[in-house]
Amino acid sequence: MKRYTVFIVSFIGLLLAFDIVSGIFLTITYAPETSQAMSSTVNIFGSESLNYTFLSSIVAATFSFLISKRIFKAKENL
């Protein structure tokens, strides 16, 4: 149960951090075009080629797994 708790806590923390960093990056790099203001809503929702939420959750889960393995490996060596 401890391993699961460490994994979930680190997963939630890393996922939150990745979402904040990607949100800041997307906000900084956004360049609005006022000429296409009314027609851009259809293009925004249909043109994503990469799902950043899925990608960040995969990366966060991988790092969470490595963190939980390292924590319990260090405890076993004591």
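Visitor: Of the 78 residues of the protein, what percentage count as buried?
Guide: This is a predicted model, in which local features need pLDDT of at least 70, side-chain atom pairs count only at pLDDT 80 or more, and totals for chains, interfaces and linings use all residues. Residues are numbered from 1 along each chain as its sequence is written, and side-chain values use heavy atoms, leaving out hydrogens and water. Buried means under 20% relative accessible area, exposed over 50%, and partly exposed in between, with a 1.4 Å probe and protein chains only. By that rule, the buried share of the 78 residues is 9%.

Visitor: How much area does the protein expose?
Guide: Accessible areas come from the Shrake-Rupley method with a 1.4 Å probe; for residues, only the protein chains shown count as cover. Carbon and sulfur atoms supply 70% of the exposed area. The total is about 6700 Å².

Visitor: In what order do the elements run from the N terminus?
Guide: Helices (H or I, at least four residues) and strands (E, at least two) are DSSP runs, numbered from the N terminus. The protein has 3 helices and 0 strands. The order is therefore written with helix symbols: α-α-α.

Visitor: How far does helix α3 reach from its first C-alpha to its last?
Guide: Helix α3 covers residues 52-77, which is 26 residues. The expected span is 1.5 Å times one less than the number of residues. For α3 that gives 38 Å, and the model comes close to it, at 37 Å.

Visitor: Which helix is included in what covers the buried residues of α3?
Guide: The buried residues of α3 are Ser56, Ser57, Ala60, Ser64, Ser68 and Phe72. Their cover includes helix α1.

Visitor: Which residues does Ser56 touch, not counting those up to four places away in sequence?
Guide: Ser56 sits in helix α3. Its relative accessible area is 9%, so Ser56 counts as buried. Contact means heavy atoms within 4.5 Å. By that cut-off, Ser56 touches Leu15, Phe18 and Asp19.

Visitor: How many aromatic pairs are there?
Guide: Rings of Phe, Tyr and Trp (its six-membered ring) pair if their centres lie within 6.5 Å; planes under 30 degrees apart count as stacked, over 60 as edge-to-face and the rest as tilted. The count by this rule is 2.

Visitor: What is the angle between the planes of Phe7 and Phe11?
Guide: Phe7 and Phe11 are 4 residues apart in helix α1, so about one helical turn separates them. Their ring centres are 6.1 Å apart. The pair is stacked, with a plane angle of 15°.

Visitor: Is the pair of Phe18 and Phe63 stacked, edge-to-face or tilted, and what is it called?
Guide: The ring centres are 6.4 Å apart and the planes meet at 40°. Phe18 is in helix α1 and Phe63 in helix α3, 45 residues apart, linking distant parts of the chain. Both rings belong to partly exposed residues: Phe18 has 26% relative accessible area and Phe63 has 42%. The pair is tilted.

Visitor: Over the ring of which residue does the charged end of Arg3 sit?
Guide: A charge sits over a ring if NZ of Lys or CZ of Arg is within 6 Å of the ring centre and within 35 degrees of the ring normal. For Arg3, the distance to the ring centre is 5.0 Å. The ring is that of Phe72.

Visitor: How far apart in space are Val9 and Ser68?
Guide: Val9 lies in helix α1 and is exposed, at 54% relative accessible area. In sequence, Val9 and Ser68 are 59 residues apart. In space, C-alpha to C-alpha, the distance is 9.7 Å.
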